[in-house]
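Colleague: Could you take me through the charged side-chain pairs here, and explain how each label is earned?

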Amino acid sequence: MEAPDDTPRDVARFTRFLKTGMPGMHTYTVLLGLDYFDLPNVRKAVEKGFPWKAFERLTTNFGLPGDRVAEIAGIPRRTLARRKAEGGRFTADESDRLLRVARVLGQSLRLFDGNRQSAVTWLTSLQRALGAEPVALLSSDYGAREVERVLGALEHGVYL
């Protein structure tokens, strides 16, 4: 288990929610630095486009370099550089993909009781049930759903 000093504040907050109860259906949005967890507000934020800060928070919480998180979310490096330079707002489609990455990271954190190191190791290691590293599948909705299906099975004690 990571030392509390090494745990990003958003991951620590998500872990507290795991223990005390989730404040909403979309609590994983805390991994983007958001403070609302209900569908209407999350939908509005996606449509408006996430600010650059949400990407930075997700990168910190994932514990991977920004280029790698952008690749996982299917955002090209040049687009990422442009978003940062142009005032730092992502398009709705890009925000949706970042939300997808946060959702899967949240589910992985839930499986591993908030242990970020274990969650990220699982996501970045070859998983036989998927035939790939889970992060390699997150750039598409179909791939992310398959990762979530395997995480859900593991969470319920079904080993694939």
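What follows is a short exchange on salt bridges and on burial.

Modeller: This is a predicted model, in which local features need pLDDT of at least 70 and side-chain atom pairs count only at pLDDT 80 or more, while totals for chains, interfaces and linings use all residues. Residues are numbered from 1 along each chain as its sequence is written, and side-chain values use heavy atoms, with hydrogens and water left out.

Colleague: Why is the contact of D93 with R97 called a salt bridge?

Modeller: The term requires a side-chain nitrogen of Lys or Arg within 4 Å of a carboxyl oxygen of Asp or Glu; the closest N and O atoms of D93 and R97 are 2.7 Å apart, so the pair qualifies. Both residues lie in helix 6 (residues 92-111), four residues apart, about one turn of the helix, helices being DSSP runs of H or I with at least four residues, numbered from the N terminus.

Colleague: What makes R97 buried or exposed?

Modeller: Buried means under 20% relative accessible area, exposed over 50%, and partly exposed in between, with a 1.4 Å probe and protein chains only. R97 has 15% and therefore counts as buried, whereas D93, at 47%, is partly exposed.

Colleague: Why does E148 count as buried, and R145 as partly exposed?

Modeller: E148 is called buried because its relative accessibility is 11%, while R145 has 45% and so falls in the partly exposed range. R145 and E148 form a salt bridge, with closest N and O atoms 3.5 Å apart, and R103, D141, R145 and E148 are linked in a network of such bridges.

Terms used
Helices (H or I, at least four residues) and strands (E, at least two) are DSSP runs, numbered from the N terminus.
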